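Visitor: Hi, I've just opened this one and I'm new to it. Can we go through it bit by bit?

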Amino acid sequence: MKVAFIHPDLGIGGAERLIVDAALALDSSGHEVRIFTSHHDPKHCFAETADGTLTVKAVGDWLPRRIMGLLYAFCAILRMIYVSLYVAFFGDSFDVIIVDQVSACIPILKTFSSARIFFYCHFPDLLLSQRSSWLKSIYRLPLDILEEATTGFADATFVNSEFTAKTFASTFTVLNRLCQPPKVLYPSLNFSAFDVAPVEVDSIVPPSASCVFLSINRFERKKNLPLAIHALANLRTLLEPEVFSKVHLVMAGGYDSRVVENVEHFEELVSLAKSLDLVQSVTFKRSFSDEEKVGLLHRARALIYTPTNEHFGICPLEAMYMSRPVIACNSGGPKESVADCVTGYLCEAKPEAFASKMAVLVENESLQASLGSSGHERVISLFSFAAFTKQLSQAVAQLAGQYRYAYCMYAITLVMIMSVAYFLI
């Protein structure tokens, strides 16, 4: 079968990693796979999308990402619609199209292509946007209605965790009444990417640091990264100065200079470390390579994972596969991936809670081996690339065999019904 992926911005992040792994999974199953996106920078992407392993086509990057610093969501929808029009009119004849994150383009594909549409929802976008003013609320209202309505046009909808599935049902109430609930397709790891000799990371981590805590996340405010720095400051009060002097925190993450929030939040974190007198104990690393990530995980005592109500989170899987314990917030996806006190610790999103578990790992080095071993086994049994490939391939094959209805008028009618329903419910 011919399968296309449509993704808004193919950079470096958990959502992008999932799309790359999904494309690799279907490619390994014998399908012809192509990825379409509005932006792809060969210098800021996963290696498989730049070295020829996967075929990537970027179109519409000339369209604005924002207008006068505003309307980011509107521009993202506009760019995805442009990509979808390109796929429908100038792309190949695909059997299945997998749309990621932005559902607004699905009616375009349903109307102008014969492909079945598979939508992967990481989290409802309307919950990720803050209504800081009445003007913002008015701006978001039609976008929120559009998100729920267009999600219903997909032939099949999948989410990344049970947490997201429950959130999906409670958020998209009209859709939950009219359509089948989404199925869960957990992200996975391509183990071969981690089964390599780790590179030296002495240029990132001071050689004198005998206990390294690692944070891996994009430099975005929603990732709650200050928690890791505050936890380190709290840890200083729990350890003897000589012991703490050998502790180091590495804050590594995706960074795009085009994204204002990345630039601003990175500077905020650097300033926070300075204000807490932790400059010598924290290293910031922007946009590291896959090889450096493996090296950092190999060097780490544990992963510090700070997002609250994270949709799923691929980094805990990477750390556990590398036999490293995970300290994460007791909410969202990590509650499904991390087994508390077995593969790491689930804590309240408070510095003192994180610091107390960090202290345990500092003072009991042997715990890294026992917790890490359990984590490695858990990833292999529950989140293997083979299991992911099998489930995804079955879903695509089943979807391709479904009867395709004439969705054009149905789509228009459904938008009108759901728009009215929003104001009545």
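Visitor: Let's start with Phe-284. Which residues is it in contact with, leaving aside neighbours within four places in sequence?

Guide: This is a predicted model. In it, Phe-284 is in contact with Phe-219, Ile-229, Met-251, Phe-266, Leu-269, Val-270 and Ala-273, once those sequence neighbours are set aside.

Visitor: How many residues does the largest nonpolar core have, and which have the most contacts inside it?

Guide: That core has 39 residues. Phe-284 is one of those with the most contacts inside it, along with Phe-213, Leu-232, Leu-235 and Val-247. There's also a second, separate core of 33 residues, which includes Leu-214, Leu-296, Leu-317 and Ala-319.

Visitor: Is there a general idea behind that?

Guide: Yes, in soluble globular proteins, nonpolar side chains tend to be buried together.

Visitor: Now the strands. Why is β9 described as largely enclosed by the rest of the structure?

Guide: Because seven of its seven residues, 247-253, are buried.

Visitor: Which β9 residues sit on which side?

Guide: Val-247, Leu-249, Met-251 and Gly-253 are on one side, and His-248, Val-250 and Ala-252 are on the other. They're all buried, so both faces are covered; buried here means under 20% relative accessible area. As a rule, in a regular strand the side chains alternate between the two faces of the sheet.

Visitor: And what does β9 pair with?

Guide: β8 and β9 run parallel and are joined by six bridges. Within that pairing, Val-212 stands opposite His-248. β9 also pairs with β10 (residues 282-286), again in the parallel sense, over five bridges. There, Gly-253 stands opposite Arg-286.

Visitor: Switching to helices: where does Ala-355 lie, and is it buried or exposed?

Guide: Ala-355 lies in helix α13, residues 351-363. It counts as buried, because its relative accessibility is 0%.

Visitor: What does Ala-355 touch?

Guide: Not counting residues up to four places away in sequence, Ala-355 touches Ala-231, Asn-234, Leu-235 and Leu-238. Leu-235 came up earlier as one of the residues with the most contacts inside the largest nonpolar core.

Visitor: Which residues other than glycine have a positive phi?

Guide: Asn-224 and Ser-323 are examples, each with phi near 60 degrees. Asn-224 is in the loop between β8 and α7, while Ser-323 lies in the loop between α11 and β12.

Visitor: Are those two buried or exposed?

Guide: Partly exposed: Asn-224 has 23% relative accessibility, and Ser-323 has a relative accessible area of 24%.

Visitor: What about Val-59, where is it found?

Guide: Val-59 is in the loop between β3 and α2. It is buried, with a relative accessible area of 8%. Leaving aside neighbours within four places in sequence, Val-59 is in contact with Thr-37, Ser-38, Tyr-82, Val-83 and Tyr-86.

Visitor: Last topic, pockets. What is the volume of the second largest one?

Guide: About 450 Å³. It is lined by 22 residues, and Ala-154, Asp-155, Ala-156, Thr-157 and Gln-180 lie nearest its centre.

Visitor: Which elements give two or more residues to that lining?

Guide: Those are β6 (156-159), α15 (385-400) and α16 (407-424).

Visitor: And how do the lining residues divide?

Guide: Into 14 nonpolar, six polar and two charged.

Terms used:
Residues numbered from 1 in each chain as written. Predicted model: local features only at pLDDT ≥ 70, side-chain atom pairs only at ≥ 80, totals over all residues. Heavy atoms only, no water. 1 Å grid on protein atoms, 1.4 Å probe; cavity = no way out; pocket = protein on both sides within 12 Å on 5 of 7 lines; lining within 4 Å. Points joined across faces, edges and corners; volume = space filled by probe spheres on them. Helix = DSSP H or I, 4+ residues; strand = E, 2+ residues; numbered from the N terminus. Nonpolar A, V, L, I, M, F, W, Y, C, P; charged D, E, K, R; others polar. Buried < 20%, exposed > 50% of the residue type's maximum accessible area, 1.4 Å probe, protein only. Contact = heavy atoms within 4.5 Å. Core = buried A, V, L, I, M, F, W, Y, C linked by side-chain atoms within 4.5 Å. Pairing = 2+ DSSP bridges.
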